[in-house]
Amino acid sequence: MAEDRPTIPEPIKREVRQQCCFGCAICGMPFFQYDHIEEYADVQEHTVDNLVLLCPNHHSAKTTKKLSKERIRAAKQKPFNSTRPHTSGFQVEPSQELLTLLGSNAVSGWYPNGNGDHHPIWINGKNYFTIHSDEGWLAVSLAVTNDRGEILLAVVRGELRVATGNWDYVYEGDNIKVRAGLGKIILDMNLSDSKVEILKGMFLDRTIDGYVIQDGALLTICEGQNRGVSIGCTACANGFGGWGILNKKAFPDVQAPGGFGSFLSC
């Protein structure tokens, strides 16, 4: 009996992700599979030069001989995302049920049977996390940042795009991780049509106001300083949003809308 194919070593997979700029080499989609350009059955090894990222559609096209190896090799040399600040999009479908967790904190009670937007995270006049309800179908928009307020990953009404300047990004099952280096996870989240769960991550603007999620806690940050902690809280049916912050010194002309589960004016 033939031996099982050995798994691709993680360092090789990471280098291929980096080479392909975190998306399908052909179309840039940030939901991908690892494919051997020359079939593994022929080469019997995993090498960076012979591996490429392909989305499920282009992977299937290669398998069914609709996509040539020559085209894939050319794409590997100049991936779709290589000249772009972010990947092309992957659409997460809307759902009629949505579990929303920020660490151990839950958000619920938004327009479940109608139309409207609810904002779990609002910072200085901008929405960093929004739940959209369209006839009861729920989609999300969010902008997750690093500690300098630069966007690592964005979702706009369900369409996921990833910054190509990240050190590493992977989307396996429903789990997304972004790393700033070996062992340095800066975003750990679960994203599907029915779940948005931030296990570790940041929503910060350039003044370093916003929120940091770590170890189950949601930290409220103003000008880089921790001003409060939420653990095991629920923002439920409270109108406009869940957690909001307004730095009046930096944004004197911004008016805070009413209806938050938790709000800090600093």
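Trainee: Which strand is joined to β4 by 3 bridges, and in which sense do the two run?
Mentor: Two strands count as paired if DSSP finds at least two bridges between them. Strands (E, at least two residues) and helices (H or I, at least four residues) are DSSP runs, numbered from the N terminus. Within this pairing, T100 has V107 as its bridge partner. The strand joined to β4 is β5, residues 105-108, and the sense is antiparallel.

Trainee: On what basis should the values be read?
Mentor: This is a predicted model, in which local features need pLDDT of at least 70 and side-chain atom pairs count only at pLDDT 80 or more, whereas totals for chains, interfaces and linings use all residues. Residues are numbered from 1 along each chain as its sequence is written, and side-chain values use heavy atoms, with hydrogens and water left out.

Trainee: Which residue takes a positive phi in the hairpin of β4 and β5?
Mentor: The hairpin has 2 residues between its strands. The phi in question is near 65°, and it belongs to G103.

Trainee: Which residue stands opposite L99 in β14?
Mentor: Strand β4, residues 99-102, also pairs with strand β14, residues 195-204. That pairing is in the parallel sense and has 4 bridges. Opposite L99 stands K195.

Trainee: Which residue of β2 is the bridge partner of D35?
Mentor: Strand β1, residues 33-36, and β2 run antiparallel and are joined by 4 bridges. In β2, L51 and L53 point one way, V52 and L54 point the other way, and all are buried; buried means under 20% relative accessible area, exposed means over 50%, and partly exposed lies in between, with a 1.4 Å probe and protein chains only. The partner of D35 is V52.

Trainee: Which cysteines does the disulfide join?
Mentor: The structure holds 1 disulfide, a term for two cysteine sulfur atoms within 2.5 Å. Here the S to S distance is 2.2 Å, and the partners, 44 residues apart, lie in strand β16 and in the segment after β20. The joined residues are C222 and C266.

Trainee: Why is this disulfide called right-handed?
Mentor: One partner, C222, is buried at 2% relative accessible area, whereas C266 is partly exposed at 23%. The disulfide is right-handed because the torsion about its S-S bond is about 85°.

Trainee: Why does C27 form no bond with C24?
Mentor: C27 is partly exposed, with a relative accessible area of 21%. Its closest cysteine sulfur is that of C24. The two sulfurs are too far apart for a bond, because their separation is 3.8 Å.

Trainee: Within what arc do the buried residues of helix α4 fall?
Mentor: Helix α4, residues 69-77, has I72, A75 and K76 as its buried residues. Seen down the axis, they line one face of the helix, while the face turned away carries the exposed residues E70 and Q77. In general, an α-helix has 3.6 residues a turn, so residues three or four places apart point the same way. Taken over the directions from the helix axis to the C-beta atoms, the arc is 105°.

Trainee: Which strand gives the largest share of the largest nonpolar core?
Mentor: A nonpolar core is a set of buried Ala, Val, Leu, Ile, Met, Phe, Trp, Tyr and Cys residues joined through side-chain atoms within 4.5 Å. The largest has 61 residues, and L102, L142, L153, Y169 and F203 have the most contacts inside it. Its largest share, 5 residues, comes from strand β8.

Trainee: With which side chain does that of E150 make a polar contact?
Mentor: E150 lies in the loop between β8 and β9 and is partly exposed at 29% relative accessibility. Leaving aside neighbours within four places in sequence, E150 is in contact (heavy atoms within 4.5 Å) with V144, T145 and R206. A polar contact is a pair of N or O atoms within 3.5 Å; within protein, one must be able to donate a hydrogen and the other to accept it, and residues adjacent in sequence count only if both atoms are side-chain atoms. At 2.7 Å, the partner is N146.

Trainee: What distance separates the C-alpha atoms of S108 and C236?
Mentor: S108 lies in strand β5 and touches T234, A235, C236 and A237, not counting residues up to four places away in sequence. S108 and C236 are 128 residues apart along the chain. Their C-alpha atoms are separated by 4.7 Å.
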